[in-house]
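Visitor: I'd like a close look at one part of this model, with the reasoning spelled out. Start with a side chain, then take me along the helix I care about.

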Amino acid sequence: MATYVVMEPPSRSEKVDATAFVRDGFTWLGLLVPPLWLAWHRLWIEAGLAFVVMGLLSMAGENLGLGLASSLLSLLVSFYIGLEGQGLRIAALRRRGWHEWGVVQAGRLDDADIRYALEVEAHGDNTTPAPRIVPDAALARRAQPGIALGLTHIPGRP
């Protein structure tokens with residue numbers, strides 16, 4: 001079973017259909033074509049950075065005569081995107097104001113959507129936030145002058 005991270009849009013008034021399900025795990029397309037995979041998921045800065053780093057590694061390998069080593073370094077960039085690509089997607093959604101609802105385990109994306117909808121329906125009434133507790137200044141104790149456990153020095157007192 002796969003694990004899906006459920007991300008909700010910034011305004012909760014939108015429909016449930018606006019939620020994003022990000023499959024947590026390795027992405028093969030992120031390994032094979034990292035800049036294209038990142039651009040497909042609208043991670044523009046990360047895609048540009050991966051493209052530039054892979055290009056620089058290739059040029060450095062040609063200029064320094066590294067041969068296979070430069071290809072292996074580019075493969076490391078591809079491997080990193082394959083491993084951390086979904087985490088980069090989640091971080092980008094957080095930067096855009098989305099918040100993480102939770103995690104759903106399911107065999108397919110459709111099953112994850114159904115499990116999420118059932119969970120939201122079951123806990124739909126309990127979404128009211130807890131009231132904020134503000135202390136009343138009239139009920140507070142008076143400040144007590146003096147030394148607190150002998151740790152502070154009060155000028156003018158022995």
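Visitor: What is the relative accessible area of Arg 94? After that, which residues of α3 are buried?

Guide: Keep in mind that this is a predicted model. Arg 94 has a relative accessible area of 46%, so it is partly exposed; the cut-off for exposed is over 50%. Its side chain has a partner: Arg 94 forms a salt bridge with Glu 100, and their closest N and O atoms are 2.4 Å apart. Glu 100 has 36% relative accessibility, so that residue is partly exposed too.

Now a bit of context before the helix. The protein has 158 residues, and 27% of them are buried. It contains 5 helices and 3 strands, and from the N terminus the order of elements is β-β-α-α-α-α-β-α. Among the contacts with a separation of 6 or more, 62% link residues 24 or more positions apart. About 11900 Å² of the protein is exposed, with carbon and sulfur atoms supplying 62% of that.

On to α3, which takes in residues 44-64. You can check its geometry by hand: with 21 residues at 1.5 Å a residue, the helix should span 30 Å, and the C-alpha atoms at its ends are indeed 30 Å apart, so the two values agree. If you try the arithmetic, note that the expected span uses one less than the number of residues.

As for your question, Glu 46, Ala 47, Ala 50, Met 54 and Gly 61 are the buried residues of α3. They sit on the same side of the helix, because the arc they cover around the axis is only 105 degrees. What lies over them? The cover includes α2 (34-40) and α4 (68-95). Turn the helix around and the face pointing away from the buried side carries Trp 44, Ile 45, Leu 49, Asn 63 and Leu 64, which are exposed. Met 59, also in α3, comes out as partly exposed because its relative accessibility is 49%. From Met 59 to Ser 70 it is 11 residues in sequence, and 8.4 Å in space from C-alpha to C-alpha.

One residue on the buried side has a charged partner. Glu 46 meets the side chain of Arg 95 in a salt bridge, at 3.1 Å from N to O. Since Arg 95 belongs to helix α4 and Glu 46 to helix α3, this pair ties together parts that are 49 residues apart in sequence. The two ends of the bridge fall into opposite classes: Glu 46 counts as buried because its relative accessibility is 17%, while Arg 95, at 59%, counts as exposed. The protein has 4 salt bridges in total. One of them joins the side chains of Arg 108 and Asp 110, 3.9 Å apart from N to O, and these two are linked with Asp 111 in a salt-bridge network.

Have a look at what flanks the helix as well. In the loop between α2 and α3 you'll find Arg 42. Arg 42 has a positive phi of about 60 degrees, although it is not a glycine. Most residues other than glycine have a negative phi. Arg 42 counts as exposed, because its relative accessibility is 57%. At the other end, α3 is followed by Gly 65, and this glycine has a positive phi as well, near 70 degrees.

If you wander back toward the N terminus, there's a nonpolar surface patch of about 410 Å² made by Leu 29, Leu 32, Val 33 and Leu 36. Leu 29 lies in helix α1, residues 28-32, and counts as exposed because its relative accessibility is 53%. For a buried counterexample, try Thr 19 in the loop between β1 (2-8) and β2 (20-24): its relative accessibility is 12%, so it counts as buried. Leaving out residues up to four places away in sequence, Thr 19 touches Val 6, Met 7, Glu 8, Pro 9, Trp 98 and Tyr 116.

Key: Residues numbered from 1 in each chain as written. Predicted model: local features only at pLDDT ≥ 70, side-chain atom pairs only at ≥ 80, totals over all residues. Heavy atoms only, no water. Patch = residues over 30% accessible without salt bridge, like charges linked within 9 Å, V, L, I, M, F, W, Y side chains within 5 Å. Areas by Shrake-Rupley, 256 points an atom, 1.4 Å probe, with all protein chains shown as cover. Helix = DSSP H or I, 4+ residues; strand = E, 2+ residues; numbered from the N terminus. Buried < 20%, exposed > 50% of the residue type's maximum accessible area, 1.4 Å probe, protein only. Arc of directions from axis to C-beta. Contact = heavy atoms within 4.5 Å.
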